[in-house]
Amino acid sequence: MDQAYQHQQQQHPQQHATYGRAAGYGQPSPQQYAQPPPPQVFQQQPQTYPRQGYPQQAPQQQQMYHPQYHQQQQHMYQPQQQQYYAPNGQPLEYELPPSATPNMHPQHLPYGAAPSPHIQYAQPAPVGYVSPAMQAQPMYYAADQQMGTPTSLAVGPIASPASAAQAAAAPPLAEALRIDTSLPLDQLREDVRMSLDPLAHLQFVRYLVTLADEVAATEPDPRVAQKQMQLLHGEALKWVKRLASHGPGGLNGARTAPCPDASVYLAECYGNGMLGLPLDHDKAFSLYLQASKAGHPAATYRVAVCYEVGAGTKRDNGRAVQFFKKAAALGDPAALYKLGLILMHGDLGHQANPREGLVMLKRAAAAADADNPHAVHELALLHEPLSASHPSPPSKEIAHIVIPDPAYSLELYTQSAQLGYAPSQFRLGTCFQDGDLGCPVDAKASIMWYTRAAEQGHPDAELALSGWYLEGADGVLPPNDEQAYAWARRAADKGLSKAEFAVAYYHEMGVGVPQSLEEARRWYQRAAAQGNRKAMDRLQDMRNFARNAGNAAPAKRDKGDCTIM
């Protein structure tokens, strides 16, 4: 290390740690940035050439620069020698051409200092191949540094982003094994056995379960199918238990950490009675807790749910909230959504804090995906103005912090619906049917969204779709009594009282099914048992008609009598 650099390190240790890393000194910043360097900061880099004689762009050797010593000790700054490697791992030696002059680099300037107009600043050498064991990625630059100082280096296609120094100090990572299901099962089993990738082992477990399902669907002999399924399930169970307790090295003698994902999978098997295991909520809770201790976000959320409902453990709202908070801190979207509801409404005995709850819901909405779209729908409900379709006002505390915004509410409903959330799809169906939230009345769009929600088993959407088939839509959907009855029956079988009333009406009037007063009376009674006032009135009319022995005219088909649309 030259004398100028030693003096600089003693006089400016903080600056040395920040700006010295590009020349090979100091500790890199652990932060990651994804902003490219500012344009037109660096000038063209002079070329250097390898001794082998072939022309190519070579990394520029860099110097330290500090304006305090530049005037007096400029001659003391010499290029810092670095070692570079070719893509084949062989070391390369570079030398400057005779006409090249070592140039200062603006990344060594103090933060906020302007570059000197009398100095030619060179562009930093592009990072190519740092070492035979580590392929470097492009540098990222700090958003708050005008000079474009590189802050960290993302390395490796498998490793998470880390600095070059951290990557160099880290042990080599095992390459992820991609399971090739075209291989014979014995060969695939041996390949996975020798792998240290826990995800490969877990994929193999799922593959064995898939093979068992295929055997059950294709084997004509039930006894043979049952025997093969038991063998495959037994092997899958053996693999996942060893993976949960000893990690991927449990089958090849290597010492590895337990796999939290395997613990969660095994807990699901115990919780649902899969792979021939008996239903055991206590064991499932224990496995979820084991994975939670290893920092698994989804397992931590499920521990909280177990405490909330008392599955496998004693019900404890305090512990439930504690684990919901832990899972939310780990970034689990479901936990963020649940914690947001707890804070918004004061659930589980926790003190309400609507402002903080709204923040949690927004965080959950930002992380929403097809498995966790609920927070987006909840935010849409909060921002929707009061209307006939949305008659429930929020609490006073929530109303003070949420401003109704129909356009934003519609945007959120659309986002959630596109993620496949059935309640949002149903709400969009009503918006396009009735013109809510600024939507145009559009029968085609309404039927489309109703259909998407009904295909997922949403009972209100099934009943609404029944109404469209009952009345039809000009140029879009012709009336179809059979389809109207079929969709209403699906909703009625789920216990929706309005659908039960519709099915009773269809039986009474013979819509899509043969007319039957007895079936109509039975369905009216089911709807009336849930407090449906129209069903009660209709039963009274039927009793009056029976007492008068035909003096009163029977009911006629009138779509106004059946409130479906």
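The chain I am presenting has 23 helices and 7 strands, where helices (H or I, at least four residues) and strands (E, at least two) are DSSP runs numbered from the N terminus. This is a predicted model, in which local features need pLDDT of at least 70 and side-chain atom pairs count only at pLDDT 80 or more, while totals for chains, interfaces and linings use all residues. Residues are numbered from 1 along each chain as its sequence is written, and side-chain values use heavy atoms, with hydrogens and water left out.

Let me begin with the chain as a whole. Of its 565 residues, 42% are buried; buried means under 20% relative accessible area, exposed means over 50%, and partly exposed lies in between, with a 1.4 Å probe and protein chains only. Among contacts with a separation of 6 or more, 51% are between residues 24 or more positions apart, a contact being heavy atoms within 4.5 Å.

I turn next to helix 23, residues 533-547. At 1.5 Å a residue, its 15 residues should span 21 Å, and the end C-alpha atoms are indeed 21 Å apart; the expected span is 1.5 Å times one less than the number of residues. Ala535, Arg538, Leu539 and Met542 are buried in this helix, and, seen down the axis, the buried residues fall within an arc of 100 degrees, so they line one face. That arc is taken from the directions from the helix axis to the C-beta atoms. The buried residues of helix 23 pack against helix 21 (497-509) and helix 22 (517-529), whereas the face turned away from the buried side carries the exposed residues Arg533 and Arg547. At the N-terminal end, Asn532 acts as a cap, with a side-chain oxygen 3.1 Å from the backbone nitrogen of Lys534.

Now to the salt bridges, of which the structure holds 16, each being a side-chain nitrogen of Lys or Arg within 4 Å of a carboxyl oxygen of Asp or Glu. Lys338 pairs with Glu308 in this way, the closest N and O atoms being 3.0 Å apart. Since Lys338 lies in helix 12 (residues 333-345) and Glu308 in helix 10 (residues 297-309), this pair ties together parts that are 30 residues apart in sequence.

A second salt bridge joins Glu384 and Arg427, with the closest N and O atoms 2.5 Å apart. Here the link is between distant parts of the chain, 43 residues apart, with Glu384 in the loop between helix 14 (374-383) and helix 15 (396-399) and Arg427 in helix 17. Both Glu384 and Arg427 are buried.

The packing partners of helix 23 are themselves joined by a salt bridge between Glu500 and Arg526, whose closest N and O atoms are 3.5 Å apart. Glu500 lies in helix 21 and Arg526 in helix 22, so the pair ties together parts that are 26 residues apart in sequence. Glu500 is buried, with a relative accessible area of 2%, while Arg526 is partly exposed at 32%.

I will finish in helix 17, residues 422-434, where Gln425 has its place. Gln425 is buried, with a relative accessible area of 3%. Leaving aside neighbours within four places in sequence, Gln425 is in contact with Ala417, Gly420, Trp449, Arg452, Ala453 and Gln456. With Gln456, the side chain of Gln425 also makes a polar contact of 2.9 Å, a term for a pair of N or O atoms within 3.5 Å in which, within protein, one must be able to donate a hydrogen and the other to accept it, and residues adjacent in sequence count only if both atoms are side-chain atoms.
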